[in-house]
Amino acid sequence: MGLVKYFRRHSTIFAIDLASSFGLVYSWNRGHKYLASAISLCCIGGTYLYSRITSRDKIRPKHAIIVTGCDSGLGYSLALHCCQLGATVIAGVLRNDGPGAEKLKQRKNVYVYPLDVTNTGSVIDFVDSVRTLLTRENLELRCLINNAAVMVFGEFEWQTEDQIRSQVEVNFLGTMRITRELMPTIRAHSSRIIMISSHCNIQPIPGVAAYGGTKAAINAWATAIRIELKKYGVKVVSFIPGSFVTGSNILARQAEHFETMRRSMTEEARIFYGDYFAEYSRYFGSVGQAVDPEMLPDPGIYEVFEGALLDKYPSALYKNESWRYLVYHRLFTIAPTCVRDLLVRMFVRGPSWTGKFDRRISQEINAGTNGGETRTEHTNSETKSN
């Protein structure tokens, strides 16, 4: 497995060297000795340069890596993978007594602390614990992995203010909060910051408009601070891990969220969306099921993640994507808007909107509501006058 991984990582340089070798032999046999010598020098120089650019740092036990949102899914998996690489892992969990936290506590060189990124007091306590641990164990903070996130599926009009606020608070403001509190330590250790991004940032999709908005905001913020922090020796990298909904609890409460949406709908909205909302909630509610914390099975996640974590000259963005994601997102990039919108609908594959609705009912309901409000205001005005 290690040999396959090595060849896959260096496949580009192997291909270049092979092509250069054929060119060298051909030129020499044709009597172009000077050309053959030039090819040899270019090949050696290119190989050396490529090796330097793609070189990676090594992880040691005295290197500490902070991972937020380790209760399940990607955070839990990255915490375990960093532990396997030989690092000391500091895992932030929302539930300190949850199954994910309990499993991580059984691992050597993994320290688990409660962390609610929406709560300033919790963030400060977590940061204090991190600093105490770094000093006590004489550790070097190698990286902060901002993974904590929540997602609520459902069209924008359906989502309640609390649901939207929760996604903004956790995904965007919470990430900024924990990063800002750790900045003195990050600067002191010339650490790296990895932002867990999403394909929804590159191509927003219907159903997760608020979630996609938070990821786009994180991307803009990460781009700015990458330039700000570079002069201090701090590298900022974005990592898109791909889709792993069934292996995470990020949508475990989706059925509950749909019920909250249904209860908060106005009478007009219930009538307008009707069977469409019921079918939509059944379809996507079945996707999110609570699962026991386990490492995600996709090896591509860890292979790409290691580049984001260890590359001496990291790229701004690392992506792990299946062939389906690769094809669709390439088409999204080059297609005109009308075609791209059609491709997005094909990509999401949600329930279809039939459009069966009598607009007069909506107008009557709205008129009745507005009339009721007008009558109420008129009555209140008369009462004040009297």
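The following dialogue examines how terms are applied to helix packing, salt bridges, exposure and backbone angles in a predicted model.

Trainee: What should be known about the model beforehand?

Mentor: This is a predicted model, in which local features need pLDDT of at least 70 and side-chain atom pairs count only at pLDDT 80 or more, while totals for chains, interfaces and linings use all residues. Residues are numbered from 1 along each chain as its sequence is written, and side-chain values use heavy atoms, with hydrogens and water left out.

Trainee: How many helices and strands does the chain have, and what counts as one?

Mentor: The chain has 15 helices and seven strands. Both are DSSP runs numbered from the N terminus: helices are H or I with at least four residues, strands are E with at least two.

Trainee: Why is α4 called roughly perpendicular to α12?

Mentor: Helix α4 (residues 73-84) and helix α12 (residues 299-310) pack at an angle of about 70°, and their axes are 11 Å apart. That angle makes α4 roughly perpendicular to α12, because angles of 65 to 115 degrees count as roughly perpendicular, under 35 as roughly parallel, over 145 as roughly antiparallel and the rest as oblique. The axes are lines fitted to C-alpha atoms over the stretch in contact, and angles run from 0 to 180 degrees between N-to-C directions.

Trainee: Which residues make the contact of α4 with α12?

Mentor: From α4 come L74, S77, L78, H81 and C82, and from α12 come I301, Y302, F305, E306 and L309; contact means heavy atoms within 4.5 Å. These residues divide into seven nonpolar, two polar and one charged. In this scheme Ala, Val, Leu, Ile, Met, Phe, Trp, Tyr, Cys and Pro count as nonpolar, Asp, Glu, Lys and Arg as charged, and the others, Gly among them, as polar.

Trainee: What makes R56 and D311 a salt bridge?

Mentor: The N to O distance between their side chains is 2.8 Å. A salt bridge requires a side-chain nitrogen of Lys or Arg within 4 Å of a carboxyl oxygen of Asp or Glu, so the pair of R56 and D311 qualifies. R56 lies in the loop between α3 (33-53) and β1 (63-67), and D311 in the loop between α12 and β7 (317-319), 255 residues apart. The structure holds 13 salt bridges.

Trainee: Why is D311 called buried and R56 partly exposed?

Mentor: Buried means under 20% relative accessible area, exposed over 50%, and partly exposed in between, with a 1.4 Å probe and protein chains only. D311 has 11% relative accessibility and therefore counts as buried, whereas R56, at 24%, counts as partly exposed.

Trainee: How do you know that R165 and E161 are separated by about one helical turn?

Mentor: R165 and E161 are four residues apart in helix α7 (residues 161-189), which means a separation of about one helical turn. Their closest N and O atoms are 2.5 Å apart, in a salt bridge. E161 is exposed at 55%, while R165 is partly exposed at 45%.

Trainee: Why does the pair of R177 and E169 still count as a salt bridge?

Mentor: The N to O distance of R177 and E169 is 3.9 Å, and the pair counts because that value is within 4 Å. R177, at 22%, is partly exposed, as is E169, at 23%.

Trainee: What is noted about phi of N109?

Mentor: Phi of N109 is near 65°, a positive value in a residue other than glycine. N109 is in the loop between α5 (99-105) and β3 (110-114), and its relative accessible area of 32% makes N109 partly exposed.
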